[in-house]
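Please describe this protein model for someone who will work with its coordinates. Keep it brief and concentrate on pockets, packing and backbone.

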Amino acid sequence: MPVQVRAPRGLAGVIVAETRIAKSDSDGALVYRGYPIRELAENAGFEETAYLILNGTLPNRSQLSEFSSTLAAEGGVPYAVYEIMRRLGKDVRPIDALRTACSALGSVDRRSTVAAVQASLEAKMSVLAANCRRVPAGEKPRGPREGLGFAANLLYMLTGKVHEGYDLWVFERVLMFYMEHDLNASSFTVRVVASTLADPYAAATAGLAALKGPLHGGANEGAMRMLLEVGEPEKARRYLDKAFSDGRKVIGFGHRVYKKFDPRAVLCKEYLREMLRRRGPDDRLFRLCESIEKEMWERKGIPANLDYYAAPIFYLLGIEIPLYTPIFAAARVFGWMAHYNEQVAENKLIRPDAEYLGAVDLRYVPIANR
Ligand code: COA
């Protein structure tokens with residue numbers, strides 16, 4: 001009988017798995033397979049980083065070319081999946097349509113090996129993410145274009161425009177930041193499902209369910225809605241006064257691990273400033289972001305997280321707000337699959353205990369006597 005230990009609420013600070021994929025630290029460090037995130041942001045691309053996350057080492061040219069070709073080749077979504085999405089109707093939330101599509105894909109995909117299933121899932125998630133508003137709204141799906149890389153294709157499918165230069169470079173970095181983050185809620189969920197030896201589609205569907213919430217992946221959409229609601233830098237203080245007095249969490253701030261700063265948010269803030277500078281003299285959006293950030297830090301000591309600065313970047317790129325969390329999923333699926341494989345390789349069913357606080361020894365009362 002194993003010794004029972006009581007874990008803190010939310011499992012905060014408890015080590016429940018061993019991983020070699022990534023590590024975030026309270027002092028603001030993040031490494032993917034040993035490489036600091038800034039090092040990768042400055043030098044690597046999305047496909048290279050995805051290969052690294054999945055395989056543990058950076059690819060050589062031929063490995064990268066094969067990996068990129070597979071991603072491009074596997075993007076075709078079965079008609080049956082689009083048909084299910086279409087039937088959900090225009091009022092469905094895109095992230096719900098994406099989760100349903102992922103589950104449907106798992107029902108119709110007949111690939112027999114885990115590696116083939118994962119390649120299919122990784123490639124199709126971005127196509128489904130880009131189309132999870134369009135297709136339920138009755139529009140034709142927009143498929144990937146030949147010759148574009150992963151980030152360029154996703155941005156093209158999302159906006160209908162081929163982006164180049166700095167905008168595309170920034171979008172690719174944001175996807176790289178969203179790709180992996182050790183035992184975040186959705187990756188932990190994926191590991192729990194993987195530990196039952198269910199297939200990768202089941203695990204990714206569960207990951208999508210966990211991702212949806214505003215305390216996790218839903219935060220980028222919430223952050224953008226808040227920025228639009230506040231509207232002007234001068235209104236930040238009043239907005240926060242009200243949020244604090246209502247006891248509301250300010251979306252886009254705080255993190256279970258990062259207590260001083262989120263290194264991904266720091267980089268995205270630099271990128272946002274530069275994107276705006278290249279667009280002209282109007283820096284109101286940047287000043288708005290900074291004003292809320294400054295108030296949150298000075299009054300609560302809570303730093304901005306990745307979602308807070310990813311949101312205005314997506315906004316500037318012309319992406320519809322309800323697609324922000326699906327974009328997160330299109331990138332995080334690579335991290336999810338790395339966790340799936342790591343869990344299965346040294347599997348132990350994840351099945352903790354709960355302390356029972358309910359009644360005992362009750363006697364059944366026939367329904368007529370209740
Ligand atoms: N706005 C206002 N207060 C916040 C806050 C926020 N965004 N994040 C944390 N706090 C406060 C909590 O109210 C709590 O205060 P208390 O001790 O007086 O009760 C304290 O800071 C600790 O917060 P807690 O929620 O216990 O920390 P956590 O590690 O469990 O939570 C998050 C981390 C991410 C869930 C939390 O910061 C949050 O809800 N943030 C907003 C959602 C978000 O942006 N999520 C994306 C994360 S990448």
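Which residues lie nearest the centre of the second largest pocket, and how many residues line it? The model is predicted. Nearest the centre are Val16, Ile350, Arg351, Pro352 and Asp353. They belong to a lining of 31 residues.

**The pocket**

The second largest pocket has a volume of about 1,100 Å³. Its lining has a mixed make-up by class: 16 residues are nonpolar, 11 are charged and 4 are polar. Two helices each supply at least two lining residues: helix 9, spanning 185-194, and helix 16, spanning 324-345. Which helix gives the most to this lining? Helix 16 does, with 4 residues.

**The chain as a whole**

The protein chain holds 16 helices and 3 strands. Its C-alpha atoms fill a box of roughly 75 × 55 × 45 Å along the principal axes. Does the radius of gyration point to a compact globule, or away from one? For 370 residues, a compact globule would have a value near 21 Å. The chain has 22 Å, which agrees with that expectation.

**A helix pair**

Helix 5 covers residues 94-108, and helix 10 covers residues 200-211. The two pack at an angle of about 170 degrees. Their axes are 9 Å apart. Because angles over 145 degrees count as roughly antiparallel, helix 5 is roughly antiparallel to helix 10.

Which residues make the contact? Helix 5 contributes Ile95, Leu98, Arg99, Cys102, Ser103, Leu105 and Gly106. Helix 10 contributes Tyr201, Ala204, Thr205, Leu208 and Ala209. By class, this contact of helix 5 with helix 10 has 8 nonpolar, 3 polar and 1 charged residues.

**Backbone points to check**

Two residues other than glycine have a positive phi, and both are in loops, as the table shows.

| Residue | Phi | Loop |
|---|---|---|
| Arg33 | near 50 degrees | between strand 2 (30-32) and strand 3 (35-36) |
| Asp182 | about 30 degrees | between helix 8 (165-178) and helix 9 |

The loop that holds Asp182 leads to helix 9. Helix 9 also supplies at least two residues of the lining of the second largest pocket. Arg33 sits in the loop between strand 2 and strand 3.

Note on methods
Residues are numbered from 1 along each chain as its sequence is written. This is a predicted model: local features need pLDDT of at least 70, side-chain atom pairs count only at pLDDT 80 or more; totals for chains, interfaces and linings use all residues. Side-chain values use heavy atoms; hydrogens and water are left out. On a 1 Å grid over the protein atoms alone, a cavity is a set of points where a 1.4 Å probe fits but cannot get out, and a pocket is an open set with protein on both sides within 12 Å along at least five of seven lines; lining residues have an atom within 4 Å of a point. Grid points are joined across faces, edges and corners, and a volume is the space filled by probe spheres set on the points. Ala, Val, Leu, Ile, Met, Phe, Trp, Tyr, Cys and Pro count as nonpolar, Asp, Glu, Lys and Arg as charged, and the others, Gly among them, as polar. Axes are lines fitted to C-alpha atoms, for helices over the stretch in contact, and angles run from 0 to 180 degrees between N-to-C directions. Angles under 35 degrees count as roughly parallel, over 145 as roughly antiparallel, 65 to 115 as roughly perpendicular and the rest as oblique. Contact means heavy atoms within 4.5 Å. The radius of gyration is taken over C-alpha atoms; the globule rule is 2.2 Å times the number of residues to the power 0.38.
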